[in-house]
Amino acid sequence: MSQDASLLTDLKEPSETAVGPILEFNGQPISEILEETLEYSRKRDYKGWDYGDGMSSRLLQALPFDNKWVNLVVQELVKRPPVNVRPLFLVEKRRNYKGTALFSIANLNFHQYKNAMGEKSDVDYLAESRELADWLIQNRSVGYHGFCGGHKHVLQMLDGKGMPNDPDVVSTSYAVKALLRAAPYDPIYPTIAKTSSDFVVEDLNYHEVDGGAKINYHLNHPDTYYTINSGALGARLFIDIYDQHRDEADLERATKILDFIASHQADIGGWTYRIPASSSHLSMDNHHNGFVIDAFLRYREVTGSDRYDQTIDRGLEFYRNGLFESDGAPNWDESKAFPRDIHAAATAIQVFTAAGDLEFAGRILQWTLENLYAGNGRFYYRKHKYYTVKTTLMRWAQAWMAYAMSEYLNAVARSEGYEVVDTPTPETTRQTV
């Protein structure tokens, strides 16, 4: 028996106590919590602090020199403390590209939920969604073969800097998803999104290898390792575009990328962060495994194919029983419980919702509200064994939870027979000239 297979014997059995799809928390409807989460974010123009934003420190920028090691120290000092020191370092609050995409989808989802429930609102959630989708287009990275985007702050790395105009496949994949979700309301959105295929093929070096195909995570990616979840999100991008435009080339690319990733699924059912695993300090961490499973689920949803059924079944079994406690608490990876991260919880709510397991998605949501919710629409970052990091990150916490709750609420509504659909009208649809 392999080491991975032996680990499978230690996985926890699912709890027999079902929380079920939850519709309220402490007497407050989940829809109200989502409404307050969007309100908190909207009042701040969806700008805030983010994971790894230390290079946006105005104190650091004011230094008369630029030193890699000073940059790294400040970046890590801002990221790691148990209290938020960003105000001390005068870190700028900005819109995050991926976060903006998530907020666009969340607002659109809530618009559709409100319509399905027959509820009126003082907020035009559709207009919010479209404004954010337009922002994605206006603030895309320029100089590449197609639509793309990336983090809008500088990142210091050991081998160089990531600059605000540098695109990556993760941010781009979610931006494409946002534009295609809003496609019924503006014909320009799917047209622009389609060009992302060219960005991935030409700028991220899509190429076939033994067992499938690979792409780079970002520009100038070293060829000494491969980041699995970014490949999966690239495949998801191709599938989303294929679903809209039905170009067989996009389906073929997605299939080859997912074939390669499926072939590297460990015996235990999960995926390491990179190939080789030794090239990263991360192992089978929680939310990145969620990204991978979600890509396979989306492929099955769009194509109806059973090509990856076994991969999905094994992946979901490991994800649920190996990366979560029976009460819905997210573990860090396959061997460590802490820290329990808001991103891991939110990603899983969305993934289990997509998988049709609303009971377990509800259990994770319940745990998250009990442990990482500050009230009034604000979420905390992480829970350690002996303390909680009570920092609110606009993309990492707010955007992900808004997106996750909106996906969950709409799925629950559909399960109860409500028609939660796109409802464009001549008044809400932008016409081309």
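## Ring pairs

Rings of Phe, Tyr and Trp (its six-membered ring) pair here if their centres lie within 6.5 Å; planes under 30 degrees apart make a stacked pair, over 60 an edge-to-face one, and the rest are tilted. By that rule, this predicted model has 23 aromatic pairs. Take Y174 and W400: their ring centres sit 5.6 Å apart with the planes at 80°, so this one is edge-to-face. The pair bridges distant parts of the chain, with Y174 in helix α7 (residues 169–181) and W400 in helix α16 (residues 394–415), 226 residues apart. Helices (H or I, at least four residues) and strands (E, at least two) are DSSP runs, numbered from the N terminus. Both Y174 and W400 are buried, where buried means under 20% relative accessible area, exposed over 50%, and partly exposed in between (1.4 Å probe, protein chains only). Ring pairs also join Y174, F291, W400 and Y403 into a cluster.

W271 and F296 give a stacked example, because their planes are at 20° and their centres 5.8 Å apart. W271 comes from the loop between α11 (248–263) and β8 (274–275) while F296 belongs to helix α12 (residues 286–303), so the pair ties together parts that are 25 residues apart in sequence. Both W271 and F296 are buried.

## Arginines over rings

A charge sits over a ring if NZ of Lys or CZ of Arg is within 6 Å of the ring centre and within 35 degrees of the ring normal. R274 does this with Y225, lying over its face at 3.9 Å from the ring centre. R320 does it with F360, at 4.1 Å from the ring centre.

## Ground rules

Residues are numbered from 1 along each chain as its sequence is written. Local features need pLDDT of at least 70 and side-chain atom pairs count only at pLDDT 80 or more, while totals for chains, interfaces and linings use all residues; side-chain values use heavy atoms, leaving out hydrogens and water.

## The overall fold

The protein has 16 helices and 13 strands. Its radius of gyration is 21 Å, which agrees with the value near 22 Å that a compact globule of 433 residues would have; the radius is taken over C-alpha atoms, and the globule rule is 2.2 Å times the number of residues to the power 0.38. Along the principal axes, the C-alpha atoms fill a box of roughly 55 × 55 × 50 Å.

Buried residues make up 57% of the 433. Counting contacts (heavy atoms within 4.5 Å) with a separation of 6 or more, 72% are between residues 24 or more positions apart. The exposed area is about 18,100 Å², with carbon and sulfur atoms supplying 48% of it; areas come from the Shrake-Rupley method with a 1.4 Å probe, and for residues only the protein chains shown count as cover.

## Helices α7 and α2

Helix α7 is mostly covered, with twelve of its 13 residues buried; among them are S173, Y174, A175 and K177. At 1.5 Å a residue α7 should span 18 Å, and its end C-alpha atoms are indeed 18 Å apart. The expected span is 1.5 Å times one less than the number of residues.

Helix α2 has 14 residues and reaches 20 Å from its first C-alpha to its last, close to the 20 Å expected. Its buried residues include I30, I33, L34 and Y40. S41 sits in α2 (residues 30–43) and counts as buried, at 0% relative accessibility. Beyond its neighbours within four places in sequence, S41 is in contact with Y46, F103, M394 and Q398. Just after α2, D45 takes a positive phi of about 55°.

## Loops and backbone oddities

Two cis peptide bonds turn up before prolines: I275 to P276, with omega near -5°, and F338 to P339, with omega about 0°. P276 is in the loop between β8 and α12, and P339 in the loop between α13 (309–323) and β9 (340–341).

R246 isn't a glycine, yet it has a positive phi of about 60°. R246 lies in the loop between α10 (228–245) and α11 and is partly exposed, at 43% relative accessible area. N376, another non-glycine, has a positive phi of about 55°; it lies in the loop between β10 (373–375) and β11 (378–379) and counts as exposed at 64% relative accessibility.
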